Every structure is written in structure tokens, then in C-alpha cells.
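Look at the fold below. This report takes its sheets, a helix, the cores and a few single residues in turn.

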Amino acid sequence: MTDRSFDEIAFHRAGIGAFATFTRPKALNALTLAMIRALAPTLAEWAKDPGVRQVVQWGDGGKAFCAGGDVRAVCDAGLAAKKGGKVDPLVRDFFFEEYRLNRQLARFPKPIVSLIDGICMGGGVGLSVHGRYRVATERTLFAMPESAIGLFPDVGGSYFLPRLPGRIGIFLGLTGERLKAPDLLDLGIATHYVESARLEELRAALAKEPADAVLPRFHADPGPAPLRDHRAAIDACFAADTVEGILGALDAHGTEWAAKLAARLRKMSPTSLKISLRQLALGETLSIEEALRMEFRMVRRCMAADDFYEGIRAVLIDKDHAPKWRPATLADVDEAAVARYFAPLGDGDELTFID
């Protein structure tokens, strides 16, 4: 394969490495359908190319690896389709192809090294967390904040979050807590820590030597992990099997830390919180394929409901951070409503994979 550049992503080969660069720095490298459609076939080529020993991916601009999916574009398309009583192709295709890409990354036969320098949220997590090596820097900021915009921790969150230590995955998936390098390394979300000033040198080395030989040489100590002090409280408070139970445990904890978390949860979409908790409970025993199929059912139901559009309005458009969720309270979200998010789709609508 020769080097290729698109408007939003670039590919090149050097030595034993194949390199992908996300090139939307002004948009914090947010993932678009065009980027997905360029990356997926390129990965397929690299998987078959005997000269490619490893894949390295990073975001241009120094501020973000990938700040998430381009949810604003999806929101605009979805709103237009809802008014016409139909499903917009962009809405279906974006998640269909993004989730396929997540599975492709998870099953990729060669090491993938993600250099997570800067913001990594939502869709950016899906690009990085399924690969073998995840390199954090002092600028890394990681989160799954979907409950704040009327969604749920997708892109394989059903699979990787429940497999984190204790109840950390439930905590991260519900609260959208933002983590930096020390906690990411401590939890195993990141595999290595490298100072951002050394990344260019690291990329050059990865063109010459296998990652398992290179990364230990560049790895440094990021310092203590702040979240470790709260691990016991997280395991205790997030052990409940209902959102109401979690809130009750946080209220009873009696600390400022717990009170802030409870206040944050109470601002989020009640529907998102309930479907996310069920999703993460189910995901603990699912394969990556089963988890992504479940998420595709969930996201299609979210796109047909109201909270996603209201969340995008409140957070990204009007930025008043005062969403009017429907239903407005946890008590108004019954079990039957939650179950509908997980029900099978119609014939021909389910997520499928290509081997």
C-alpha cells in the first residue's frame, strides 16, 4: 500500500509499522463516517500485508487523540429524519459501521498501538481500548460521558467496562468520570505511560522494532493514581443493581466526594442511567460481537427517542447544560421501558460482521 491522505485521516508505511493519523485537530479529531470508511478497509489491507508487523494510530494537533464520534452530525441527521417519520441513512450507517470497526480492532491479528495524547472520549475510546497497547501521556484525558447526552457507554463499553477491577466499570460508565494517565495505567486501561515530548521518537522506533521491545524502554512512572483512594467506596456504592440503590448508597456515604457524584448522576438522563446499568450487567458475560450487537439495538432505540437530541442541544448547541429529559425522573422509567431498548430489531436491521 502506498501512503494515502484523506481530508480527515492519513495513512503511511514506514519499516515494519503502518501508521494512521486522525487529522481533524480543530474538531479534536472527532470520528466521522468518512474516517471510518477510510480506516476499516485500510486495516483489512494491513492485516493481510506480511510487511506490516504492527499498526500505530494517533491524533494530530496535540490536543486530542479522538474526542468522540461526530454526534452533532448524527443529531442533525436524526432530527431531520424524525420529522419525516423515517430513519436517516447517516444515523444507521454511522453506528453500524463504527461498531463493525470496533470489532475489527478487537479482532485485529497484529498489535495495535494507540498513542492517546490528549482527549480520548466515546468514539476515541472505541478506537483505542480494543487494541493491544494503549499509551497514555501527561495530556491524556479519558472518559465515557454518554449518559450526559442521553446515550450509553457504547463502542464496546459493554465488553470492556465490566471487565475492569471491582465496580470501576460501572462507576465510569454511569458517571462519565474523567481519568488521567496515573489512573488509566493503574486500572489497565492504559498499558504504558510516555511523556508527550517523546512521542515522535517513539513513532520512529516503532517503525524499526516490535512494540513489545520498544514500549518498555519508553515507559515511565506517571505518579500515584488518585482514584485508588476511592476504590473501596466505589465498590461499595456501585454494588447495587439499581440506579436508585446506587444513589442511596452515595447519599448514605456522607462524604463530599460521594455527594458530588450523586449530584452529577441526578443531572443525567434517567433513561440513559437505567439502560446503561442493565447494559453493563449483561455485558460481563458477552463476547465483543454480542456486546456490540446489543449496543446497536440500544442505539437505534435511542435515536428514535428524545433524550439524545435534548442532550446534544443542552451540551453542544445551546450549551445551557439544563436538559429537559423525558421521562424526567428515575421513577418514571419502568422496567418495560428499559427492556424495549434491548429487544431485537426487525429483519435485516441487526448488526452483522464480515470476517
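Contact means heavy atoms within 4.5 Å. This is a predicted model, in which local features need pLDDT of at least 70, side-chain atom pairs count only at pLDDT 80 or more, and totals for chains, interfaces and linings use all residues. Residues are numbered from 1 along each chain as its sequence is written, and side-chain values use heavy atoms, with hydrogens and water left out.

**The cores**

Start with Phe-238. Leaving aside neighbours within four places in sequence, Phe-238 is in contact with Arg-167, Ile-170, Phe-171, Leu-174, Thr-175, Ile-246, Leu-250 and Leu-261. Phe-238 also belongs to a nonpolar core, a set of buried Ala, Val, Leu, Ile, Met, Phe, Trp, Tyr and Cys residues joined through side-chain atoms within 4.5 Å. Buried means under 20% relative accessible area, exposed over 50%, and partly exposed in between, with a 1.4 Å probe and protein chains only. The largest nonpolar core has 97 residues, and Phe-238 and Met-303 touch the most other members. Helix H14 (residues 288-304) gives this core its largest share, 9 residues. Another core lies apart, with 17 residues, among them Phe-19, Val-194, Leu-199 and Ala-207.

**Helix H14**

Helices are DSSP runs of H or I with at least four residues, strands are runs of E with at least two, and both are numbered from the N terminus. H14 has 17 residues. From first C-alpha to last, H14 reaches 25 Å, close to the expected 24 Å. That expected span is 1.5 Å times one less than the number of residues.

Is H14 largely enclosed or largely open? In H14, 12 of the 17 residues are buried, so the helix is largely enclosed by the rest of the structure. The buried residues include Ile-288, Leu-292, Phe-296, Val-299 and Met-303. Charged letters appear in the sequence too: Glu-289, Glu-295 and Arg-300 are buried as well. The buried residues of H14 pack against helix H2 (71-84), helix H3 (89-106), helix H5 (157-160), helix H13 (270-283) and helix H15 (307-317).

**The seven-strand sheet**

Two strands pair if DSSP finds at least two bridges between them. An open sheet has 7 strands in the order S1-S2-S3-S4-S6-S8-S10, with mixed pairing. Strand S1 (4-5) and strand S10 (192-193) are the edge strands, and each pairs on one side only. Three pairs from this sheet are set out here.

| Pair | Sense | Bridges | Facing residues |
|---|---|---|---|
| S1 and S2 | antiparallel | 2 bridges | Ser-5 and Ala-10 |
| S2 and S3 | antiparallel | 6 bridges | Phe-11 and Ala-20 |
| S3 and S4 | parallel | 6 bridges | Ala-20 and Gln-57 |

S1 and S2 form a hairpin with 3 residues between them. The hairpin of S2 and S3 has 2 residues between the strands, and there Gly-15 takes a positive phi near 60°.

Helix H1 (residues 33-48) packs on this sheet, touching S1, strand S2 (9-14), S3 and S4. The direction of H1 makes about 20° with that of S2. Axes are lines fitted to C-alpha atoms, for helices over the stretch in contact, and angles run from 0 to 180 degrees between N-to-C directions.

**The three-strand sheet**

A further open sheet has 3 strands in the order S5-S7-S9, with parallel pairing. S5 and strand S9 (141-143) stand at the edges with a single partner strand each, so one side of each is left without a neighbour in the sheet. Neighbouring strands here are turned by 15° against each other on average, direction ignored. Strand S7 (residues 119-121) pairs with S9 over 3 bridges. Ile-119 has Leu-141 as its bridge partner in S9.

**Three single residues**

Asp-60 sits in the loop between strand S4 (54-59) and strand S5 (64-66). Asp-60 is partly exposed, with a relative accessible area of 36%. Beyond neighbours within four places in sequence, Asp-60 is in contact with Thr-21, Phe-22, Thr-23, Pro-25 and Asn-29.

Arg-313 lies in helix H15. Its relative accessibility is 19%, so Arg-313 counts as buried. A polar contact of 2.8 Å joins the side chains of Arg-313 and Glu-310. A polar contact is a pair of N or O atoms within 3.5 Å; within protein, one must be able to donate a hydrogen and the other to accept it, and residues adjacent in sequence count only if both atoms are side-chain atoms.

Asp-229 is found in the loop between helix H9 (211-218) and helix H10 (231-237). Asp-229 is exposed, at 70% relative accessible area.
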